[in-house]
Amino acid sequence: MTQLPTSLEEQPPPSLFDRTMENLRSAWRDIAAFSREAVGAMPRPHLPREDADRLRVQMQACLAGRGGEVSARARAAELGRTYLSLDSTGRRNFLTILSRDFDVDRATVDQAVDAFHKASDPVLRGKAERKLREALEPGRMRLLTQFNGLPEGVKFLVDMRAQLLEWGAEDPLMAALEADLKTLLKNWFDVGFLELRRITWDSPAALLEKLIAYEAVHAIRGWQDLKDRLDSDRRCFAFFHPRMPDEPLIFVEVALVSGMSDNVQTLLDEAAPVQDPHTADTAIFYSISNAQKGLAGISFGNFLIKRVVDSLTAEFPKLKYFATLSPIPGFRRWLDAETAAASDDGDILTTAERVRIADLLTDPDTVPPDAAGGLATVLDRPDWYRDDAIVKVVKPILMRLCATYLIEAKAGRRARDPVAHFHLSNGARMERLNWLGDTSDNGLRQSAGMMINYRYKLADIESNHEAYTGEGNINVSSYVRAHLKSTG
């Protein structure tokens with residue numbers, strides 16, 4: 001039986017998400033107080049059918065638009081508070097009503113199409129076109145747009161889409177609503193509206209806390225770790241939207257160093273001395289994190305990198321090189337899938353490689369020298385990378401296979417690895433593979449410890465971007481390409 005806290009001191013502190021939701025409820029409660037069209041008490045958390053009927057009336061009132069602007073904001077705030085009061089089941093029911101009952105009116109569309117075909121002159125045809133466009137806009141789009149005028153209303157919609165992305169994978173109604181919401185957010189989050197801001201240790205504590213929570217590449221281990229990442233030889237930049245001024249959309253962490261970094265543990269070593277940033281010749285982008293799940297598929301990361309390069313160049317004229325130290329998150333998953341499907345006629349390992357791997361195993365008669373059992377068995381051993389005998393055998397094999405994965409494994413014309421696709425789309429070049437660049441548990445699990453530098457050479461960014469997005473051609477350095485050669 002779970003022991004409940006016996007005092008306030010024993011209760012866990014509210015999470016960042018909980019505090020955000022409570023602030024939102026409080027702000028909207030005051031606005032909703034102006035609503036004169038209340039439809040009764042708040043629905044029960046799971047939104048049963050009888051409560052759903054009242055919710056439908058509430059949504060219709062929002063679309064009717066009676067009264068002035070104050071009334072419209074109040075109705076939208078009341079509807080938003082209703083959504084926030086629901087549990088997971090209730091929110092799913094809420095979104096089902098919104099997607100199913102407030103879709104395009106097919107009869108109205110048919111009438112508008114008929115009127116368009118009957119229009120006899122350009123003036124009438126123009127009016128018919130406008131009517132048709134209006135008919136094709138579902139009521140749910142007009143309803144969702146009303147949240148734009150509320151405090152934190154855009155953040156509310158971004159979080160709603162994050163939920164829809166999860167549910168839409170198995171529910172066509174949710175998928176259609178998610179697509180509508182994506183269209184809305186894509187227009188609102190045009191890069192021209194975004195503001196680039198540098199984040200420092202003097203930034204508000206609430207913002208620094210969000211960096212810790214949103215970091216998705218190399219977990220921030222605490223406040224001291226964060227302080228080190230914001231030191232004088234480090235930079236952190238983020239994009240913000242004017243309607244979400246306290247919420248980073250995407251942020252990048254940069255190290256100002258001499259030479260191209262090849263190991264993230266060394267780069268983030270708390271004991272390492274602070275370098276004079278004015279003597280650095282290289283800016284290393286070692287972490288880029290999308291902070292808002294609800295903005296997935298709305299890309300502005302490429303603009304972030306270009307803006308940061310411009311800012312760093314202005315501040316530090318001696319910088320010559322701009323590169324990443326990037327993870328390869330799909331490598332081990334691809335490797336396991338390829339070796340599991342291996343056969344005599346199609347194997348990513350050569351016969352000599354399979355034999356060398358089998359020799360590492362304690363009993364090759366028990367564990368046959370096949371690609372699936374042999375290589376996976378070696379890489380699954382604890383601390384395999386600390387064993388010189390293992391490293392001597394598997395290093396050339398893994399370097400070759402990793403280069404093969406990055407350069408040749410494709411999803412259509414695009415690179416299969418998501419981080420590779422991101423940087424290649426932005427005009428980078430595959431510069432250097434780094435053996436044991438990340439020996440954290442996550443780095444070993446995702447990529448057998450491998451990392452890669454993508455270089456942004458300013459003069460080549462546009463041509464690299466065009467070659468990759470147009471024909472799928474990848475700019476690869478001779479150093480990386482050399483690893484494609486067989487090891488035996």
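# Contacts, rings and a pocket in a predicted model

User: Which residue offers the backbone oxygen that the side chain of Ser477 reaches at 2.6 Å?
Analyst: The side chain of Ser477 makes this contact at 2.6 Å, and the partner atom is the backbone oxygen of Glu431. The model is predicted. Ser477 itself sits in the loop between helix H20 (461-471) and helix H21 (478-482). The residue that offers the oxygen is Glu431.

User: Is Ser477 buried or exposed?
Analyst: The relative accessibility of Ser477 is 6%. Buried means under 20%. Ser477 therefore counts as buried.

User: How many aromatic pairs does the structure hold, and which geometry does the pair of Tyr83 and Phe94 have?
Analyst: The count of aromatic pairs is ten. In the pair of Tyr83 and Phe94, the ring centres are 5.0 Å apart and the planes stand at 70°. An angle over 60 degrees is the criterion for the class, so Tyr83 and Phe94 are edge-to-face.

User: Which helices does the pair of Tyr83 and Phe94 link?
Analyst: Tyr83 and Phe94 are eleven residues apart, and their pair links distant parts of the chain. Both residues are buried, Tyr83 at 4% relative accessibility and Phe94 at 3%. Tyr83 belongs to residues 69-84 and Phe94 to residues 88-101, which are helix H3 and helix H4.

User: What is the geometry of the pair of Phe147 and Phe156?
Analyst: The centres of the Phe147 and Phe156 rings lie 4.9 Å apart, with 35° between the planes. Both Phe147 and Phe156 are buried, and ring pairs join them with Tyr83 and Phe94 in a cluster. Stacked needs under 30 degrees and edge-to-face over 60, so the pair of Phe147 and Phe156 is tilted.

User: Over which ring does the charged end of Arg197 sit?
Analyst: The charged end of Arg197 is 3.6 Å from the centre of the ring. The residue that carries this ring is Phe240.

User: Which residues lie closest to the centre of the largest pocket?
Analyst: The largest pocket holds about 890 Å³ of space. Its lining takes in 38 residues, and by class these are 19 nonpolar, 17 polar and two charged. The closest to the centre are Ile288, Asn290, Pro418, Val419 and Phe422.

User: Which elements give two or more residues to the lining of the largest pocket?
Analyst: Two strands and two helices meet this condition. The strands are S4 (282-290) and S6 (326-327). The helices are H18 (418-425) and H19 (441-447).

User: What is the C-alpha separation of Ala216 and Ser287?
Analyst: Ala216 is in the loop between helix H10 (205-214) and helix H11 (223-229), and at 60% relative accessibility it counts as exposed. Ala216 and Ser287 are 71 residues apart along the chain. Their C-alpha atoms are separated by 8.0 Å.

User: How far apart in space are Gly65 and Leu143, C-alpha to C-alpha?
Analyst: Gly65 lies in the loop between helix H2 (49-64) and H3, and is partly exposed with a relative accessible area of 42%. In sequence, Gly65 and Leu143 are 78 residues apart. In space, their C-alpha atoms are 10.0 Å apart.

User: Near what value is phi of Leu47 and of Ala448?
Analyst: Most residues other than glycine have a negative phi. Leu47, buried at 3% relative accessibility, has a positive phi. Ala448, buried at 1%, is in the loop between H19 and strand S10 (451-455). For Leu47 and for Ala448, phi is near 55°.

Conventions
Residues are numbered from 1 along each chain as its sequence is written. This is a predicted model: local features need pLDDT of at least 70, side-chain atom pairs count only at pLDDT 80 or more; totals for chains, interfaces and linings use all residues. Side-chain values use heavy atoms; hydrogens and water are left out. Rings of Phe, Tyr and Trp (its six-membered ring) pair if their centres lie within 6.5 Å; planes under 30 degrees apart count as stacked, over 60 as edge-to-face and the rest as tilted. Helices (H or I, at least four residues) and strands (E, at least two) are DSSP runs, numbered from the N terminus. Buried means under 20% relative accessible area, exposed over 50%, partly exposed in between (1.4 Å probe, protein chains only). A charge sits over a ring if NZ of Lys or CZ of Arg is within 6 Å of the ring centre and within 35 degrees of the ring normal. On a 1 Å grid over the protein atoms alone, a cavity is a set of points where a 1.4 Å probe fits but cannot get out, and a pocket is an open set with protein on both sides within 12 Å along at least five of seven lines; lining residues have an atom within 4 Å of a point. Grid points are joined across faces, edges and corners, and a volume is the space filled by probe spheres set on the points. Ala, Val, Leu, Ile, Met, Phe, Trp, Tyr, Cys and Pro count as nonpolar, Asp, Glu, Lys and Arg as charged, and the others, Gly among them, as polar. A polar contact is a pair of N or O atoms within 3.5 Å; within protein, one must be able to donate a hydrogen and the other to accept it, and residues adjacent in sequence count only if both atoms are side-chain atoms.
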